[in-house]
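Q: I'm new to this one. Can you pull it up and walk me through it?

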Amino acid sequence: FDKWFAAIDGSATWIKELKDLRNKVMPAFKECIEARDLSTFPPELCDRIAKWCCRSPIKLSKCEPVVKSIDEAAIGPARKQLSMFEWPKDEPAEDSEEEQ
């Protein structure tokens, strides 16, 4: 997905809902990943995601392949539009050596 460019209708009603959903999903997902327990993801967010995904498809226009991924191409203020997750580093358990 990250080596394509496409345009959307900026006045589409679903944009506000998607942004709100993303603002709730990303922190909840981050907590689950850091806790290493996906079962803690809020079921109500799962329901909202499923409902949103069942809507009519998003209409794209001006679809074009690009040379650089969006992560490489976005600079300055455009980088604020990227949704990225930095995976936390796994720390070795302190007592794992004692058990062996």
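Q: What do the buried residues of H1 pack against?
A: The buried residues of H1 pack against H2. Contact means heavy atoms within 4.5 Å. Helices are DSSP runs of H or I, at least four residues, numbered from the N terminus.

Q: Is this predicted, and what are the ground rules?
A: This is a predicted model: local features need pLDDT of at least 70, side-chain atom pairs count only at pLDDT 80 or more, and totals for chains, interfaces and linings use all residues. Residues are numbered from 1 along each chain as its sequence is written, and side-chain values use heavy atoms, with hydrogens and water left out.

Q: Which residues of H1 are buried?
A: Trp14, Ile15, Leu21, Val25, Ala28, Cys32 and Ile33. Buried means under 20% relative accessible area (1.4 Å probe, protein chains only).

Q: Which residues in H2 does H1 meet?
A: Leu45, Arg48, Ile49 and Trp52. On the H1 side, the residues include Trp14, Leu18 and Lys24.

Q: And by class?
A: The contact of H1 with H2 has 8 nonpolar, no polar and 4 charged residues. Here Ala, Val, Leu, Ile, Met, Phe, Trp, Tyr, Cys and Pro count as nonpolar, Asp, Glu, Lys and Arg as charged, and the others, Gly among them, as polar.

Q: What does Ala28 touch?
A: Phe41, Pro42 and Leu45, leaving out residues up to four places away in sequence.

Q: New topic. How many residues does H1 have?
A: H1 has 22 residues, 14-35. Arg36 follows H1, and the phi of Arg36 is positive, near 60°.

Technical notes
Axes are lines fitted to C-alpha atoms, for helices over the stretch in contact, and angles run from 0 to 180 degrees between N-to-C directions. Helices (H or I, at least four residues) and strands (E, at least two) are DSSP runs, numbered from the N terminus. The expected span of a helix is 1.5 Å times one less than its number of residues. Buried means under 20% relative accessible area, exposed over 50%, partly exposed in between (1.4 Å probe, protein chains only).
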